[in-house]
Amino acid sequence: MVHIVVAGPLHASGRAILDNAKDVTVTYIAETSEASLAAEIAGADAVLLRTQPLGARTVDLAPNLKIVSRHGVGYDAVDLAALNRRGIALSVCGDVNSTSVAEHSAMMILAACKRALRSDISVRTGPWEWRNKLEARDVSGQNLLLVGYGRIGRRTADMMRAFNMNVRAFDPYLMKQGWPENGVPCVETLDDGLAWADVLCFCLPHTGAPLIGAAEFERMRDGVVVVNTSRGGILDEHAMIAALASGKVGAAGLDVFHQEPMPHDHPLAGFDQVLLSPHIGGLTLDAAERMAVSSAENILDYFNGTIDPALIVNKDKFNVALQN
Ligand SMILES: NC(=O)C1=CN([C@@H]2O[C@H](COP(=O)(O)OP(=O)(O)OC[C@H]3O[C@@H](n4cnc5c(N)ncnc54)[C@H](OP(=O)(O)O)[C@@H]3O)[C@@H](O)[C@H]2O)C=CC1
Ligand SMILES: O=C(O)C(=O)CO
């Protein structure tokens with residue numbers, strides 16, 4: 001019998017897959033905190049993980065744990081070293097939420113350039129004459145730099161080229177492997193890109209220290225638009241707030257934050273040129289169903305020995321019989 005703990009809400013299609021599986025028991029936890037997961041993880045062979053952190057101490061509470069299946073693709077909140085030490089697999093979803101995130105980025109690029117939030121507030125609360133001070137811009141003809149040119153970056157590029165933006169990308173790893181033939185042009189260095197871009201959009205994994213701090217903001221064009229749908233830790237938030245306050249950053253769209261949930265009194269909430277959303281780029285109803293199905297199937301496929309090895313992040317760290 002395989003015992004699976006599902007840590008947080010799961011779309012009915014994912015639940016049906018687990019509930020109908022043979023030789024499986026499932027515990028569903030309503031809350032998405034690491035503490036509630038820790039309280040239930042002791043007997044788990046598998047955990048289906050939403051966006052909550054998974055640290056070494058929680059992993060150590062689960063002596064039978066064999067696989068952690070991320071409901072999504074980013075795994076920066078998982079202590080991968082702790083999983084590797086125990087030979088526990090970490091799987092991610094396939095290409096199921098990238099179009100949704102790219103659409104969210106496209107929406108935020110448009111909303112930030114058009115000053116959509118400020119515009120809405122002006123109608124609800126201000127004199128009509130505020131319409132002359134909104135500072136909305138066309139996106140057409142502007143330079144868009146995508147930092148990270150994987151699944152989400154490439155789809156965002158396609159969408160924003162349709163709006164007649166000049167799109168380039170920075171992705172050093174891809175440059176080494178070979179830039180895609182039909183891709184947008186690349187910039188050689190991040191600094192080149194920062195100096196070129198009117199609009200910046202971050203589409204990369206978070207792996208350590210912030211990529212963008214005060215020095216990088218300094219290199220950007222005055223009034224630059226910044227959109228981040230990848231992870232909050234990519235931007236130094238203090239530097240971002242300072243850049244918004246000084247006007248260096250003219251407008252922004254942020255789906256991800258250093259601290260999630262972001263407190264209501266956070267300084268970022270004080271800017272009417274910044275559109276905020278609660279980490280929902282990949283959480284449309286459509287993507288939520290696809291992620292639920294993919295993350296549930298990954299667990300069952302793992303125990304059947306049929307999981308696609310490309311979906312296991314740490315496949316080189318332990319020996320597992322993979323049939324593909
Ligand atoms: N807001 C939301 O709801 C969601 C957010 N995300 C976030 O988006 C991120 C990207 O997702 P996705 O496009 O699917 O991932 P991919 O792995 O397909 O693409 C990311 C690309 O960024 C590259 N990259 C890594 N480090 C850097 C760097 N320092 N500078 C520039 N490029 C870099 C990667 O190279 P390499 O592969 O060689 O490392 C890769 O080509 C996820 O890791 C996650 O954090 C994802 C889904 C939903
Ligand atoms: O897929 C991801 O990484 C997300 O942020 C959504 O869970």
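## Pairing in the six-stranded sheet

Two strands count as paired if DSSP finds at least two bridges between them. In this predicted model, strand 6, residues 143-147, and strand 8, residues 199-202, satisfy that criterion by pairing in the parallel sense over four bridges, and within this pairing V199 of strand 8 is the bridge partner of L144. Strand 6 is also joined to strand 7 by five bridges, and these two strands again run parallel, with L146 standing opposite A169 in strand 7.

These pairings belong to an open sheet of six strands, whose order is 7-6-8-9-10-11 and whose pairing is parallel. Because strand 7 (166-170) and strand 11 (274-276) each have a single partner strand, they stand at the edges, and one side of each is left without a neighbour in the sheet. Direction ignored, neighbouring strands of this sheet are turned by 15 degrees against each other on average. Helix 7, residues 151-161, packs on the sheet and touches strand 6, strand 7 and strand 8, while its direction makes about 170 degrees with that of strand 6.

## Enclosure of strand 6

How many residues of strand 6 are buried? Five of the five are, so the strand is largely enclosed by the rest of the structure. The side assignment adds detail to that picture, since N143, L145 and V147 point one way from strand 6 whereas L144 and L146 point the other way, all of them being buried.

## The five-stranded sheet

A second group of strands, five in number, forms an open sheet in the order 2-1-3-4-5, and here too the pairing is parallel. Its edge strands are strand 2 (24-29) and strand 5 (89-91), each of which pairs on one side only. For this sheet the average turn between neighbouring strands, direction ignored, is 15 degrees. Toward one edge, strand 4, residues 67-70, and strand 5 pair in the parallel sense over three bridges, and L90 in strand 5 is the bridge partner of V68.

Two helices pack on this sheet. Helix 1 touches strand 1 (2-7), strand 2 and strand 3 (46-49), and its direction makes about 150 degrees with that of strand 2. Helix 12 touches strand 1, strand 2, strand 3, strand 4 and strand 5, and its direction makes about 155 degrees with that of strand 4.

## Packing of helix 1 on helix 12

Two packed helices are described by the angle between their axes and the distance between the axes. For helix 1 (residues 12-19) and helix 12 (residues 285-304), the angle is about 20 degrees and the axes are 7 Å apart. Since angles under 35 degrees count as roughly parallel, helix 1 is roughly parallel to helix 12, and helix 1 passes helix 12 in a right-handed crossing.

On the side of helix 1 the contact is made by S13, G14, I17 and L18, which meet E289, A292, V293, A296, E297 and L300 in helix 12. Sorted by class, this contact of helix 1 with helix 12 has six nonpolar, two polar and two charged residues.

## Surroundings of helix 11 and strand 10

K248 lies in the loop between helix 11 (237-246) and strand 10 (249-254). Is K248 buried or exposed? K248 has a relative accessible area of 11%, and because buried means under 20%, K248 is buried. Leaving aside residues up to four places away in sequence, K248 touches F217, E218, M220, R221, D222, G223, V224 and A243.

S246, by contrast, is found in helix 11 and counts as exposed at 57% relative accessibility. The C-alpha atoms of S246 and D222 are separated by 9.6 Å, the two residues being 24 residues apart along the chain.

## Backbone features in loops

Several loops carry backbone values that deserve mention. The peptide bond from E260 to P261 is cis, with omega near 0 degrees, and P261 is placed in the loop between strand 10 and strand 11.

D23, a residue other than glycine, has a positive phi near 55 degrees; D23 is located in the loop between helix 1 and strand 2 and counts as exposed at 56% relative accessibility. N164 is likewise not a glycine, yet its phi is positive at about 65 degrees. The place of N164 is in the loop between helix 7 and strand 7, and with a relative accessible area of 48% N164 is partly exposed.

Conventions. Residues numbered from 1 in each chain as written. Chains lettered and ligands numbered in written order. Predicted model: local features only at pLDDT ≥ 70, side-chain atom pairs only at ≥ 80, totals over all residues. Heavy atoms only, no water. Axes fitted to C-alpha atoms, helices over the stretch in contact; angles between N-to-C directions. Parallel < 35°, antiparallel > 145°, perpendicular 65-115°, else oblique. Left-handed = near helix turned anticlockwise from the far one by under 90°. Contact = heavy atoms within 4.5 Å. Nonpolar A, V, L, I, M, F, W, Y, C, P; charged D, E, K, R; others polar. Buried < 20%, exposed > 50% of the residue type's maximum accessible area, 1.4 Å probe, protein only.
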